[in-house]
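Trainee: I am new to this structure and would like a close look at a single part of it. Could you take me slowly through one place where two helices pack together, and through what surrounds it?

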Amino acid sequence: MSELVDVSAAASDLAQRRSGVTIRQLSQEAEFREACALLDRVWRPPADSPLITMALLRGFEHSGSYVAGAYEAHRLIGVCVGFLAEAGLHSHIAGVDARARGHNIGFALKVHQRAWCLERSLTKVTWTYDPLVSRNAYFNLAKLGAVAEEYLPDFYGVMDDSVNKGQGSDRLLVGWNLADPAVAEACIRPHRQAPVPTDAAPGLDADADGLPVRGPLDGPCVSVRIPSDIETLRRERPAAAQAWRSALRETLGGLLADGAAVTGFTRDGRYLVERKADR
């Protein structure tokens with residue numbers, strides 16, 4: 001275990017150098033308030049309903065949970081918060097300042113989180129994400145090597161922040177097995193995408209108007225497409241975005257409930273799902 005801890009710490013140092021940030025645990029009231037303000041800028045909740053409070057961050061940090069910030073010089077540009085859970089650590093929320101996106105800061109935060117957990121003998125991190133957001137699906141499943149565990153319909157109920165308002169809160173729960181050699185490899189080397197099986201059934205695809213089209217789910221592998229930019233679709237065509245929500249819930253949610261497993265996510269926006277063999 002000590003060797004794994006040392007290697008994970010080295011991977012975290014490398015990720016920080018590559019992204020040009022320094023990541024550390026937050027412990028002061030002013031830092032917590034700055035972190036809350038950053039997360040509110042990212043998610044844009046109503047003024048009277050902050051996304052997270054200073055007091056809650058204080059409680060997480062004091063009880064031994066993970067509250068970390070990524071700094072560029074002395075400027076906070078990324079935050080990641082997780083709390084201790086039955087599985088190990090549940091990573092509740094993360095955000096990167098809009099001006100700093102595209103520099104792998106979110107990746108550096110996750111690699112730091114992995115090293116922090118392993119140092120404390122925690123070997124698994126879980127978190128949820130909106131399965132309709134293609135860039136997050138690729139980041140979580142392909143780049144980090146997390147594993148989809150459960151489709152959770154309307155997990156958070158009605159949400160009122162600007163990112164999620166009016167679209168339901170379906171989430172995909174993923175598990176990140178920190179001691180897995182594939183995860184260790186993902187933390188230091190760029191991801192190489194696996195080929196899409198030529199016989200994959202098109203369980204969900206898009207028509208010429210960008211609307212979802214349900215297809216066959218037979219065969220050992222099913223391809224489940226999502227929009228390339230659901231956030232723009234939500235602003236410009238909310239009814240179409242809602243149609244995708246319903247279609248993905250039925251298709252991907254149904255497959256996972258039936259025992260299928262997500263084995264990858266492609267750059268062009270498709271979940272690859274392996275169905276369990278008939279008995």
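Mentor: What follows is a walk through the packing of helix H1 with helix H4, and then through the residues at one end of the story.

This is a predicted model, in which local features need pLDDT of at least 70 and side-chain atom pairs count only at pLDDT 80 or more, while totals for chains, interfaces and linings use all residues. Residues are numbered from 1 along each chain as its sequence is written, and side-chain values use heavy atoms, with hydrogens and water left out.

Two packed helices are described by the angle between their axes and the distance between the axes. Helices here are DSSP runs of H or I with at least four residues, strands are runs of E with at least two, and both are numbered from the N terminus. The axes are lines fitted to C-alpha atoms, for helices over the stretch in contact, and angles run from 0 to 180 degrees between N-to-C directions. H1 and H4 pack with their axes 8 Å apart, at an angle of about 160°, and the two helices are therefore roughly antiparallel to each other, a term for angles over 145 degrees.

On the H1 side, the contact (heavy atoms within 4.5 Å) is made by residues including Leu4, Val5, Ser8, Ala15 and Ser19, while H4 contributes, among them, Ile105, Ala108, Val111, Leu118 and Glu119. The residues of this contact divide into 11 nonpolar, five polar and two charged, where Ala, Val, Leu, Ile, Met, Phe, Trp, Tyr, Cys and Pro count as nonpolar, Asp, Glu, Lys and Arg as charged, and the others, Gly among them, as polar.

Ser19 deserves a closer look, for this residue belongs to helix H1, which covers residues 2-19. With a relative accessibility of 9%, Ser19 counts as buried, since buried means under 20% relative accessible area, exposed over 50% and partly exposed in between, with a 1.4 Å probe and protein chains only. Leaving aside residues up to four places away in sequence, Ser19 touches His103, Asn104, Ile105 and Ala108.

One of these partners, Asn104, is found in the loop between strand S4 (88-96) and helix H4 (105-119). Asn104 has a phi near 65°, a positive value in a residue other than glycine, and its relative accessible area of 42% makes Asn104 partly exposed, whereas Ser19, which touches Asn104, is buried.

Note on methods: Parallel < 35°, antiparallel > 145°, perpendicular 65-115°, else oblique.
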